Amino acid sequence: MSAPVKDIQTTVDGDFVKPPLGKRLVGANTFWIALVLIALIAVFTAIAPAEFANLFTFQTLLNETSVLLVLSVGMTFVIITSGIDLSVGSVLIFAGMVAGKTMEALSSGNATHAGWGVITVGLVAAVLAGTVWGLINGFLIAVAGIPPLIVTLGTMGAALGVSYLLNNGSDVRSVPTELNQTLGYGTSFGGIPNLVLVAVVITLICAWLLHTTRFGRYTFAVGSNAEAARRAGIGVTAHLLKVYLLTGFLAGIAGFMSLAYQNSTTISAHTNDNLNAISATVMGGTSLFGGVGSMLGTVIGVFIPAVLNKGLNITHVQDYWQYIAIGAVLIAAVWFDQRRRRKRNSR
């Protein structure tokens, strides 16, 4: 396994000491990504203070990014292992469809007035649906040895196709009102959206998992050098299976969250979620080459395109420019990652 870059310097006596905190902070990739986000917020606040810098805008922004954040958290684990998952958007749609159809089946075809018993069953169905696709991806990638790009490209189409078949190509619209009003648009603790609280809890748990546990250490090791990790005694096959299983599990939760917020399966609204999750993760500093990434960076990466979209909409900039701006930021993030990688390897 290639040796990680050590954040240390050698003294005259041969001892190792850490550089000053300020130098380490400025050298951190997350620091510069956070500066970009702060700069975007400052610019749009200066341009349209009344429209952008208000409670409603930030609540809406947080709600709209919650589902994508959960998807991106799973994507962070996958990309750190030097993999990719193009299927998460379709798995999200499939999980929402399964949850919606399950709740309808338990409510004589109309789940609008269903209670929490039916809603709980719908949640379990969504999570199981997402986990099954994660298991399929993991088995084909880790056990069968098929490249992640090919596997997830195939399951992306398959999951979307099955979703259409489940309801004859149309959306499920009879979502429980209780679910929509409580999880979808409900608030707690003085106005914090419940959807955001769920996303925050999931992100914190996964941050703990990635940065403080053996599972997280193995994730970085596999992404840095899978063969070296195998020789060091890490079960690479089993670990990759767990990573894709986790990603599918989180996509299932995201599908249920989307169902609660949109009050429908909204198939057409999620067809690009896979690319959005990959973009957000890469913008957050997770390397497409594997072995590098952080959950904090992913959180910031999710908000950069969200703030950009919201700010450009408020300032009445055409949608076409939004695509160009987000694409430019993504390319810049990948270029920076390659530059940093070359610099590290030249030492």
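Ala, Val, Leu, Ile, Met, Phe, Trp, Tyr, Cys and Pro are counted here as nonpolar, Asp, Glu, Lys and Arg as charged, and the others, Gly among them, as polar. With these classes, the lining of the largest cavity divides into three nonpolar, five polar and no charged residues. The structure described is a predicted model.

**The cavity and the helices beside it**

The count of cavities of 30 Å³ or more comes to one, and the largest cavity holds about 30 Å³ of space. Its lining is made by L92, I93, G96, G255, S258, L259, S264 and T265, and the elements that give two or more residues to this lining are α5 (88–105) and α12. These two helices also pack against each other, for the axes of α5 and α12 lie 7 Å apart and meet at an angle of about 55 degrees. That angle makes α5 oblique to α12, and the crossing of the two helices is right-handed.

**A second partner of α12**

Helix α12, which covers residues 236–262, is also approached by helix α6, residues 116–143, and the axes of this pair come within 7 Å and cross at roughly 150 degrees. Angles over 145 degrees count as roughly antiparallel, and α6 and α12 are therefore roughly antiparallel to each other. In the contact of α6 with α12 there are 16 nonpolar, nine polar and no charged residues, and α6 passes α12 in a right-handed crossing.

**The second largest pocket**

Helix α12 appears again at the second largest pocket, where α4 (55–80), α12, α13 (273–283), α14 (295–314) and α15 (319–345) each supply at least two residues of the lining. This pocket has a volume of about 1000 Å³. Its lining consists of 31 residues, and those nearest its centre are L68, A269, D273, N276 and N309. By class, the lining has 13 nonpolar, 14 polar and four charged residues.

**Annotated transmembrane regions**

An unreviewed UniProt entry places the feature "transmembrane region" at several spans, including residues 67–95 and residues 243–261. The table sets out the computed end-to-end distance and the helix and strand content of these two spans.

| Span | Distance between end C-alpha atoms | Helix and strand content |
|---|---|---|
| Residues 67–95 | 13 Å | 76% helix, 0% strand |
| Residues 243–261 | 27 Å | 100% helix, 0% strand |

The other spans that the UniProt entry gives for this feature are residues 26–47, 116–136, 142–166, 187–210, 282–308 and 320–337.

Notes. Residues numbered from 1 in each chain as written. Predicted model: local features only at pLDDT ≥ 70, side-chain atom pairs only at ≥ 80, totals over all residues. Heavy atoms only, no water. Axes fitted to C-alpha atoms, helices over the stretch in contact; angles between N-to-C directions. Helix = DSSP H or I, 4+ residues; strand = E, 2+ residues; numbered from the N terminus. Parallel < 35°, antiparallel > 145°, perpendicular 65-115°, else oblique. Left-handed = near helix turned anticlockwise from the far one by under 90°. 1 Å grid on protein atoms, 1.4 Å probe; cavity = no way out; pocket = protein on both sides within 12 Å on 5 of 7 lines; lining within 4 Å. Points joined across faces, edges and corners; volume = space filled by probe spheres on them. UniProt positions renumbered as here; feature names shortened; annotations may be inferred.
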